[in-house]
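Trainee: Please take me closely through one part of this model, the surroundings of the ligand, and then set that part in its wider context.

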Amino acid sequence: MIAAIVSDWAEVFLRWLHVIAAVFWVGLALGFLRLNLTLKSTKADLWRAADDGFFRVARDMNIPPDAEPQIGWFRWEAYVVWLSGFALMIAIYFAKADLYLIDPDVLPLVPWQAICLAVLMLAVGWLVYDVLARRAWSETARRIVIAVLLFALAFALTRMFSGRGAFLVFGAVIGTIMAANVAHYLVPNQRRMLEAIRSGVARDEARLATSRQRALHNNYLALPVFFLMLANHYPLAFASRFNWIIASLALVAGAAVRHFYVARHRGSGDLWWTWLVAAAAGAAMVGLSVFGVEHPQSRAAAPTSAMDAIAAVVAPRIGDVADIVAERCVMCHARAPAWPGLVAAPKGVMLETHGQIVAHARDIAAQAVWTRAMPPPGANVPIGDDERRVLALWLAAGAPSR
Ligand code: HEC
């Protein structure tokens with residue numbers, strides 16, 4: 001009991017750290033990118049007001065010998081994000097792989113196989129991305145091929161893991177690419193640039209081009225990662241039939257928005273069409289989730305008796321719903337869950353009383369009727385279509401409390 005409570009709190013603090021570090025990293029990275037692009041395009045110093053004074057921001061390649069420029073302004077933030085994210089992945093998705101990672105209908109994996117596969121995908125994602133990013137193609141061609149790689153990864157991951165697991169691993173793959181860009185290119189190249197200037201050697205233009213490229217890639221990938229990490233609460237995104245397309249569209253929408261700002265800060269104008277692309281991608285995500293929604297009520301077996309036929313059109317009563325919920329949900333969603341390893345009701349959702357069930361009607365719809373996010377597929381709780389159908393008819397009748 002105590003051990004479980006401590007581990008729950010450890011998870012809270014780890015998540016807190018993860019989010020704070022991510023805010024710092026992405027904030028700094030996008031802020032510096034903005035400064036860099038603006039300074040290069042205006043070719044003049046920038047004046048910025050602070051709370052109690054003014055800053056003059058300038059680009060300067062002539063570093064005074066006694067100055068000690070800081071290398072990798074957001075490098076520790078990046079590493080903390082990656083490490084805390086990986087620790088969270090272990091604590092939640094690996095430790096409770098049956099609840100979070102595995103869907104036996106997608107691929108019947110045992111936990112250690114799912115864990116190895118997830119770790120393997122992190123490595124594969126980075127290695128393939130890095131090879132493609134280094135090809136001697138035009139940058140546009142590289143970006144298109146990398147986008148296709150990421151779409152393919154989204155597809156592959158939804159064919160390995162539960163929707164929830166696939167989204168998380170996809171986000172982690174992209175986060176790994178971003179952190180590896182910092183550790184492997186941005187920081188070492190800054191060091192080399194400083195050494196070159198100090199020793200009077202010519203700048204290595206190819207390296208600088210690589211750094212520029214990787215900083216821009218990270219900028220395009222940042223917003224999609226946030227979507228993938230937050231989408232875990234939205235089964236219409238991760239558990240819908242077209243979840244891999246939805247994840248890919250999030251990539252398009254996030255990159256389009258960043259493209260607008262990159263162009264603006266470069267001084268190449270305001271590309272308003274990028275917002276149309278983002279809005280269209282968002283609309284397509286909504287449309288796909290509506291189109292992919294489950295209709296358990298239409299999957300009923302033909303009634304075999306007059307009584308069945310009548311039962312099928314009469315709205316189920318709360319008692320019928322509570323019976324199903326008691327059998328298929330309450331082992332986890334209770335004040336004291338019976339499911340091994342759970343100390344408290346997941347996400348605070350308790351479904352033990354009629355009142356609780358009615359209060360959560362919309363969540364039940366999203367998790368167990370429109371999608372099959374709940375019960376967690378890997379938990380192998382044998383809920384039948386006929387039971388989902390009762391829930392659907394009850395919801396369609398306005399979730400009556402009697
Ligand atoms: C084997 C355990 C288990 C069973 C059975 C189960 N759930 Fe869950 N449920 C979970 C876990 C774990 C989470 C937390 C998911 C997360 O961390 O995002 C959850 C989360 C939820 C949430 C909140 C989601 C959110 O992101 O806020 C709802 C609503 C829910 N379940 C409904 C149901 C319903 C309805 C059933 C029965 C049809 C059910 N669950 C059966 C384990 C279970």
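Mentor: The account below begins at the ligand and works outward to the neighbouring loops, the last helix, the domains and the whole chain.

Two remarks on reading should come before the details. Residue numbers start from 1 in each chain and follow the sequence as written. The model is a predicted one, in which local features are reported at pLDDT of at least 70 and side-chain atom pairs at pLDDT 80 or more, while totals for chains, interfaces and linings take in all residues.

The ligand is surrounded by 23 residues, where a residue belongs to the shell if its C-beta atom, placed from the backbone, lies within 6 Å of the ligand. The closest of these are Cys-329, Cys-332, Pro-346, Asp-363 and Met-374. Two elements, α12 and α14, each give two or more residues to the shell, and α14 has the largest share, with four residues. These helices are DSSP runs of H or I with at least four residues (strands are E runs of at least two), numbered from the N terminus. By chemical character, the shell comprises 15 nonpolar, five polar and three charged residues; Ala, Val, Leu, Ile, Met, Phe, Trp, Tyr, Cys and Pro count as nonpolar, Asp, Glu, Lys and Arg as charged, and the others, with Gly among them, as polar.

Met-374, already named among the closest residues of the shell, also takes part in a backbone feature that deserves inspection. The peptide bond between Met-374 and Pro-375 is cis, with omega at about -10°, and Pro-375 sits in the loop that runs between α14 (361-369) and α15 (385-396). A second loop to examine is the one between α12 (318-328) and α13 (354-359), where Lys-347 is found. Lys-347 is a residue other than glycine, yet its phi is positive, near 55°. Lys-347 counts as exposed because it has 9 C-beta neighbours inside 10 Å; on this scale 20 or more other C-beta atoms within 10 Å make a residue buried, 12 or fewer make it exposed, and counts in between make it partly exposed, with C-beta atoms placed from the backbone.

The helix after the cis bond, α15, is covered along much of its length, with Arg-388, Arg-389, Val-390, Leu-391, Ala-392, Leu-393, Trp-394 and Leu-395 all buried. The buried residues of α15 pack against α12 and α14, and these are the two helices that each supply two or more residues to the ligand shell. Contact here means that the C-beta atoms of two residues, placed from the backbone, lie within 7 Å. The length of α15 can be checked as well: its 12 residues, at 1.5 Å a residue, should span 16 Å, and its end C-alpha atoms are 16 Å apart, so the two values agree. That expected span is 1.5 Å times one less than the number of residues. Beyond α15 comes Gly-398, with a positive phi near 90°.

The ligand shell also has to be seen against the division of the chain. The protein is split into domain 1 (2-43 + 72-291) and domain 2 (297-396), with bounds from an automatic or database domain assignment. The shell draws at least three residues from each of these domains. Taken over C-alpha atoms, the centres of domain 1 and domain 2 are 35 Å apart, and their contact involves 20 residues from domain 1 and 13 residues from domain 2. On the domain 1 side, α1 (2-42), α3 (97-100), α6 (163-198) and α8 (235-238) each contribute at least two residues, and α3 gives the most, with four. The residues of that side divide into 11 nonpolar, three polar and six charged.

Lys-43, in the loop between α1 and β1, offers a second case of a non-glycine residue with a positive phi, here about 55°. Lys-43 counts as exposed because it has 8 C-beta neighbours inside 10 Å.

For the chain as a whole, there are 15 helices and two strands, and the C-alpha trace extends over about 90 × 50 × 45 Å along its principal axes. Of the 402 residues, 34% count as buried. Among contacts with a separation of 6 or more, 70% join residues 24 or more positions apart.
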